[in-house]
Each structure stands twice: as structure tokens, then as C-alpha cells.
Amino acid sequence: MRAGVTPTNLTHSRGVALIAGLLLMASMVLLALAVATGMLLERRMAGNSADGQLALQRAQLAGQWAGYWLQSRAVDPLGDECAQQCGPTPPVHAGGTLPDDPEFEDTAWWRINAVIAGLEPGGAMRMDYSLPGTEAPRWLIEELHRVPLDAISGTDDAAEPTLAYYRILARGTGRYPGSVAVTETVVARPWAESLAPDPFPPEPGGHAFCDQVSDDAPCGRLGWRRRR
């Protein structure tokens, strides 16, 4: 005698199928959420990386402007002439006068002590590098050391030629809060009356300042690193 399907057995089978379907659907939802979360995290990481590169590029830009300005000086930038002509923000600081870790100083400190890239200290804006959502890139210079320079031959300068070493600190920001890059460049700059300074900003195709300096004397960039 064949057993019949009772209403109780049918109801039980439908309940099991419903539970299995719900569990499968929940698993699919969790899997979709995990994939979406992973994609969102990867997108955010990519955005942070790109924003960090933007901050670094703007810091490097500011560092280049600092180098242009330094090579365009005809007299000592720490002398009285620069103090009178370089505006309210002195671009060059004497050695030992900056904080130990200037890269971690806040935006207010950089606004007071550094110069906006593209702006001639105490003068007009030569190039506008403003970018919505970012702080203006800024630079400052610290003199590290100065020595007499005997490597410049054939000069009849009234003042003794000297060789000064500087570090250029430049700061750039991205669009995200906390996206900051600070670079440090060490440069050498000979000072002699016979050396013609570069125009500021430099002219395309023009001579480079260091071309007129003897190979025996250091001139230009000696080292670079990212401090932050």
C-alpha cells in the first residue's frame, strides 16, 4: 500500500525550502556587501594616493620657485637690502632659527614664515598656482653654512667670494584633510660680484646661473628628500 502525502509533510517541506532560500539570499547579500565594501576601500585608497601625489607635486613646485629666487639674488639674501625689499615675510632664515621639525608645523606657521610659490617676495604675483580645495604651496630657505670661496678664478671682486649652503623647505597640500607633503632640498650658491644673477622667474632657454661657476665649486642642488 503506497503511502500518501499528508498536508503535514507538505507544509514541512515548504518550510525547509523557504528557510534554505532565505539563507541563500542572505549569503548573496553578505557577499555583495563585502564586494562593495572592498571596492569602496580600494577607491578610497586610490584617491588618497592620488591626493598625496598632488601634495608632493605642489611641494616640489614650491621648491623650484625657491631655487629660482635664490639664483636671482645679486646680494646676500640675509643682508639689509633683502630685509628692506623682501616684504613682510623674510624668505631666508639664519641657521638655527627654525623649529626642529618644521614639516609638522601647522598651516598658520607656514603662512607666517614662508612665501607663496609664484609670488616674488615683497613683489608681484608672477604665477598663480591656486587650486580649489588646497592651501597655496609655500617655500622658505635656511642658510646652513658659509665658507670663503677660492675656486672662482679670474675675479677682481672687492668683496671676498663666498660659498653658502642652504636648505629649501617647501610645503604642498592636497584636497583631503591631512594630505600634506614637505620636501627638503640642499643647495650650494656661490656669492661673488662677478657672477651675474638669473632673472626671476627664469627665462626659457636662458643661461643657468651655475654655468658661469667653475667646476671646482659646488653649485645648485646637492640633495633632496621628502620630510613629510
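Which residue in β3 is the bridge partner of Ile 116? It's Arg 138, and the close-ups below, all taken from a predicted model, start with that strand.

**View 1. Strand β3 and the strands it pairs with.** Start with strand β2, residues 115-116, which pairs with β3 in the antiparallel sense over 2 bridges. This is where Ile 116 meets Arg 138. Strand β1 (residues 92-93) also gets 2 bridges to β3, which spans residues 138-148, but here the two run parallel. Look for His 93 standing opposite Glu 142 of β3 in this pairing.

**View 2. The β3 and β4 pairing.** Strand β4 covers residues 162-173, and 10 bridges hook it up with β3 in the antiparallel sense. To get your bearings, find His 145 and go across to Tyr 165, its bridge partner in β4.

**View 3. Two tryptophans bringing a helix and a strand together.** The structure has 5 aromatic pairs in total. One of them is Trp 69 with Trp 139, a tilted pair with ring centres 5.7 Å apart and 40° between the planes. Trp 69 belongs to helix α1 (residues 7-71) and Trp 139 to strand β3, so this contact ties together parts that are 70 residues apart in sequence. Both Trp 69 and Trp 139 are buried.

**View 4. Trp 109 and Trp 110, edge-to-face.** Here the ring centres of Trp 109 and Trp 110 sit 5.4 Å apart. Their planes meet at 80°, and anything over 60 degrees counts as edge-to-face, so that's the label this pair gets. As for exposure, Trp 109 is buried and Trp 110 is buried too.

**View 5. An aromatic cluster.** Four residues show up in this one: Trp 65, Tyr 68, Tyr 129 and Phe 200. Ring pairs are what link Trp 65, Tyr 68, Tyr 129 and Phe 200 into a cluster.

**View 6. Arg 189 over Trp 191.** This close-up swaps ring pairs for a charge and a ring. The charged end of Arg 189 sits over the ring of Trp 191, at 3.7 Å from the ring centre.

**View 7. The disulfide of Cys 210 and Cys 219.** Searching the whole structure turns up 1 disulfide. It joins Cys 210 to Cys 219, with an S to S distance of 2.0 Å. If you care about the torsion, it's -80° about the S-S bond, making the Cys 210 and Cys 219 link left-handed. Is Cys 210 buried or partly exposed? With a relative accessible area of 24%, Cys 210 is partly exposed, because buried would take a value under 20%.

Conventions:
Residues are numbered from 1 along each chain as its sequence is written. This is a predicted model: local features need pLDDT of at least 70, side-chain atom pairs count only at pLDDT 80 or more; totals for chains, interfaces and linings use all residues. Side-chain values use heavy atoms; hydrogens and water are left out. A disulfide is a pair of cysteine sulfur atoms within 2.5 Å. Buried means under 20% relative accessible area, exposed over 50%, partly exposed in between (1.4 Å probe, protein chains only). Two strands pair if DSSP finds at least two bridges between them. Helices (H or I, at least four residues) and strands (E, at least two) are DSSP runs, numbered from the N terminus. Rings of Phe, Tyr and Trp (its six-membered ring) pair if their centres lie within 6.5 Å; planes under 30 degrees apart count as stacked, over 60 as edge-to-face and the rest as tilted. A charge sits over a ring if NZ of Lys or CZ of Arg is within 6 Å of the ring centre and within 35 degrees of the ring normal.
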